[in-house]
Amino acid sequence: MMMKFIAKPFVLGTLAALAIANVPAANAADISTLYSTGVDDNGAAVSGTGFADAHWTLEGGTAYVNFTGKGYPAGDWVSDTSASRWIGSTPDAGTTVSDNVGQTFTYSTTFSLTGLDASTASFAGMFAADDGVNELLLNGKFIPISAGTYNSWTDFSYAGPLFVSGENTLSFVTNNNGGGAAGLNVDFTSATAAVPEPATWAMMLVGFGMIGMTVRSRRRRNVQVTYA
């Protein structure tokens with residue numbers, strides 16, 4: 001007796017698709033190295049004034065945590081919070097004064113996406129700037145943003161292709177069009193990216209292995225099994 005069994009590649013293909021489709025969703029993790037202005041390594045607002053921000057720079061140099069909440073420009077600027085503080089070019093915000101109308105200040109911070117999926121990264125928050133923001137740049141590329149102001153908060157967010165694996169640089173280019181005090185306050189309310197679980201990679205390997213079997217099976221027209 002002879003029995004003929006036809007190998008059907010689409011069966012393996014279907015199994016592969018099911019394996020990949022059932023890959024567990026990656027966990028979202030905080031981008032722990034992206035800090036608001038004027039905070040410590042735990043993300044809490046620092047106390048005191050007149051010292052360098054630990055995570056932000058100004059034109060590649062020192063950005064000072066410098067707003068006391070008393071005297072000029074108190075009453076003009078939004079108040080510091082428990083999660084962010086004003087920074088500027090001098091240890092005392094009251095002396096961060098520019099008479100050069102149109103002068104700009106570039107505040108930058110770096111953060112790492114090592115071990116995270118850069119394609120899933122995103123951040124959101126709010127800022128205040130004196131006098132406002134000209135540009136928001138991620139790795140030197142422009143992100144649309146409202147100019148904002150210094151006496152109220154302005155929301156901002158981004159999720160898109162400008163993130164890169166490894167180190168990233170975020171910059172706020174502010175202006176001091178009206179002269180007087182100048183500064184920036186940035187409060188991130190969220191910053192996340194996906195972290196694939198080990199099971200994710202295992203299921204994907206199973207799926208890709210089945211796809212390889214499918215390709216090989218397509219080279220075989222049939223398999224004959226003969227019984228005496």
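## Around Phe123: cores, rings and strands

Not counting residues up to four places away in sequence, Phe123 touches Leu34, Ile143, Phe156, Ser157, Tyr158, Phe163, Leu170, Phe188, Ser190 and Ala191. Please keep in mind as you look around that this is a predicted model.

Phe123 is also a good way into the interior. The largest nonpolar core has 33 residues, and Phe123 is among those with the most contacts inside this core, together with Ile31, Leu113, Phe156, Phe163 and Phe172. Which strands supply this core? At least two core residues come from each of β3 (51–58), β4 (61–65), β7 (104–112), β8 (117–130), β9 (132–138), β11 (154–158), β12 (167–175) and β14 (183–195). There is also a second, separate core of seven residues, including Trp77, Trp86, Ala128 and Ala181.

### Two strands to follow

Let us start with β11. One face of this strand is covered and holds Thr154, Phe156 and Tyr158, while Asp155 and Ser157 make up the uncovered face. Strand β11 runs antiparallel to β8, and five bridges join the two. One detail to find on screen is the bridge between Gly125 and its partner in β11, Phe156. That partner is a residue you have already met, since Phe156 is one of the residues that Phe123 touches.

Next comes β12. Is this strand enclosed or open? Seven of the nine residues of β12 are buried, so the strand is largely enclosed by the rest of the structure. Strands β7 and β12 run antiparallel and are joined by nine bridges; β9 and β12 are also antiparallel, with six bridges between them. Asn175 in β12 makes a handy landmark here: Asn175 is the bridge partner of Thr104, and Asn175 is the bridge partner of Gly132 as well.

### Aromatic rings

A search of the whole structure finds 13 aromatic pairs. A pair of aromatic rings is described by the distance of the centres and the angle of the planes. Two of the pairs are worth a visit.

For Phe67 and Trp77, the ring centres are 5.2 Å apart and the planes stand at 55°, so this pair is tilted. Phe67 and Trp77 both lie in the loop between β4 and β5 (87–88), so the pair ties together parts that are ten residues apart in sequence. Phe67 counts as buried, at 4% relative accessibility, and Trp77 is buried too, with a relative accessible area of 5%.

The rings of Tyr158 and Phe163 have centres 5.5 Å apart and planes at 40°, so this pair is tilted as well. Tyr158 is buried, with a relative accessible area of 14%, and Phe163 is buried at 5%. Why do these residues count as buried? Buried means under 20% relative accessible area, and the value for Tyr158 is 14%.

Ring pairs also build a wider group: Trp56, Phe111, Phe123, Phe127, Phe156, Tyr158, Phe163, Phe172 and Phe188 are linked into a cluster. So the tour returns to Phe123, a member of that cluster and one of the residues with the most contacts inside the largest nonpolar core.

### Backbone details in the loops

Most residues other than glycine have a negative phi, and most peptide bonds are trans. The table gathers some places to check against that background.

| Place | Feature | Value |
|---|---|---|
| Tyr72 and Pro73 | cis peptide bond | omega about 5° |
| Asp130 to Asp131 | cis peptide bond | omega near 5° |
| Glu59 | positive phi | phi near 55° |
| Asn139 | positive phi | phi near 55° |

Where do these residues sit? Pro73 is placed in the loop between β4 and β5, and Asp131 lies in the loop between β8 and β9. Glu59 belongs to the loop between β3 and β4, where this residue counts as exposed at 52% relative accessibility. Asn139 lies in the loop between β9 and β10 (141–143) and counts as partly exposed at 27% relative accessibility.

### The largest pocket

Finally, have a look at the largest pocket, with about 220 Å³ of space. Its lining has 16 residues, and Leu34, Tyr35, Ser36, Gly43 and Phe188 lie nearest the centre. Which strand gives the most to this lining? Strand β14 does, with five residues. Two names here should sound familiar: Leu34 and Phe188 are both among the residues that Phe123 touches.

How values were computed: Residues numbered from 1 in each chain as written. Predicted model: local features only at pLDDT ≥ 70, side-chain atom pairs only at ≥ 80, totals over all residues. Heavy atoms only, no water. Core = buried A, V, L, I, M, F, W, Y, C linked by side-chain atoms within 4.5 Å. Buried < 20%, exposed > 50% of the residue type's maximum accessible area, 1.4 Å probe, protein only. Helix = DSSP H or I, 4+ residues; strand = E, 2+ residues; numbered from the N terminus. Contact = heavy atoms within 4.5 Å. Pairing = 2+ DSSP bridges. Phe/Tyr/Trp six-rings, centres within 6.5 Å; stacked < 30°, edge-to-face > 60°. 1 Å grid on protein atoms, 1.4 Å probe; cavity = no way out; pocket = protein on both sides within 12 Å on 5 of 7 lines; lining within 4 Å. Points joined across faces, edges and corners; volume = space filled by probe spheres on them.
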